[in-house]
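Colleague: Could you take me closely through the salt bridges of this model, with the residues that form them and where those residues sit?

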Amino acid sequence: MKDLLLLTLFVSISFACSSLALAQPDASSARTSPTETEVLLHADAPGPEGRPTFGAAREEERERMVERQIARRGVSDEAVLAAMRSVPRHAFVPPDLHDRAYADSPLPIGHGQTISQPFIVAFMSETLQLAPGDRVLEIGTGSGYQAAILGAMGVEVVTIEIIRPLAEQAAALLDKLGYDNITAIHGDGYHGYQALAPYDAIIVTAAAQHVPPPLIEQLKPGQRMVIPVGRAGWTQNLLLVTKTEEGQTRTRNLMSVTFVPLTGEQRTGDRTGDRNSER
Ligand code: SAM
């Protein structure tokens, strides 16, 4: 009973802290094996000149999505809003879901994975506080939509997906849409991607059980990572992790979210994500 009380006290204190250094397990980017990682799409024109332009198909639906689901909920970064208005989200979902592409929800993209809710994509993009030309690492390419939004903002994107058919499909789509500022990789994003590090920002779009140490190593001092952390199948905390100039981390809990689990290196028996509520 005494142990239970102490544990409860510890958990309460942990959640009450708005800023804390995360415990880091013993792992290192040195464990990345090049044979497990393959670049499927190269960024030939990193930065603003590498972003494509899009047609007007479903423009009104996008405008409504931005106004009702995103701006009304407080996202105000003009670069984010412009990207959400321009990128054809319907191109990133299966054809039978095109009519639901601009709904206020995540959608299935096959292989038990999801494209995140538009608001979450916009909120996480805004949280990174990006400037054109920044280099951003995304873990969890999925459909490629989040990478497409970041690329449309004029940053260089390096995105990693662990499920090969999804990685290939997203790379082909981003290439077809004309992105020259996105590098798409098949591999385990737990290790990050050392070859293009350090990064001005890191975004993780699958639920981790802890902040992967290689990602902290690959983040530039003074810069930001946004990552859902918590148990798969439950709600997780969307954390903003800032790396100080001295290399320490400060974290702030932004909101509760529900993401599919980060698999690969940190995979455990706990992989029971609720597919209906995944982001
Ligand atoms: N950002 C995606 C989009 O815009 O469509 C949505 C991401 S989906 C919620 C999470 C993705 O993370 C899935 O495609 C999943 O396969 C991928 N994933 C899970 N663990 C991973 C890992 N260790 N490395 C890379 N990708 C991973």
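Modeller: What follows looks at the salt bridges one pair after another and then turns to a few related features.

The model is a predicted one, and its protein chain holds 7 helices and 10 strands. Of the 279 residues in that chain, 51% count as buried, and among contacts between residues at least 6 apart in sequence, 62% join residues at least 24 apart.

In general terms, side chains of opposite charge can pair when their charged atoms come close. The count of salt bridges comes to 9. One of them is formed by the side chains of Arg 164 and Glu 38, with an N to O distance of 2.7 Å. This pair links distant parts of the chain, since Arg 164 belongs to helix H6 (residues 164–177) and Glu 38 to strand E1, 126 residues apart. Arg 164 is partly exposed, its relative accessible area being 31%, and Glu 38 is likewise partly exposed, at 37%.

Another salt bridge brings together the side chains of Glu 63 and Arg 85, at 3.2 Å from N to O. Because Glu 63 lies in helix H2 and Arg 85 in helix H3 (residues 78–86), the pair ties together parts that are 22 residues apart in sequence. With a relative accessible area of 36%, Glu 63 is partly exposed, and Arg 85, at 29%, counts as partly exposed too.

A further pair consists of Arg 72 and Glu 67, whose closest N and O atoms are 3.8 Å apart; this still qualifies because the cut-off for a salt bridge is 4 Å. Arg 72 counts as exposed at 60% relative accessibility, whereas Glu 67, at 43%, counts as partly exposed. Salt bridges that share partners also join Glu 38, Arg 164 and Glu 168 into one network.

Some charged residues instead belong to a surface patch. Asp 44, Glu 49, Asp 175 and Asp 180 form a negative patch, and they carry no salt bridge, because patches are made of residues without one. Asp 44 is placed in the loop between strand E1 (38–41) and helix H2 (59–70), and it is exposed, with a relative accessible area of 63%.

The loop between E1 and H2 also contains Arg 58, a residue other than glycine whose phi is positive, near 60°. Most residues other than glycine have a negative phi. Arg 58 counts as partly exposed, at 26% relative accessibility.

Conventions. Residues numbered from 1 in each chain as written. Predicted model: local features only at pLDDT ≥ 70, side-chain atom pairs only at ≥ 80, totals over all residues. Heavy atoms only, no water. Patch = residues over 30% accessible without salt bridge, like charges linked within 9 Å, V, L, I, M, F, W, Y side chains within 5 Å. Areas by Shrake-Rupley, 256 points an atom, 1.4 Å probe, with all protein chains shown as cover. Lys, Arg positive; Asp, Glu negative; His and termini not counted. Charge placed at Lys NZ, Arg CZ, Asp CG, Glu CD. Helix = DSSP H or I, 4+ residues; strand = E, 2+ residues; numbered from the N terminus. Buried < 20%, exposed > 50% of the residue type's maximum accessible area, 1.4 Å probe, protein only. Contact = heavy atoms within 4.5 Å.
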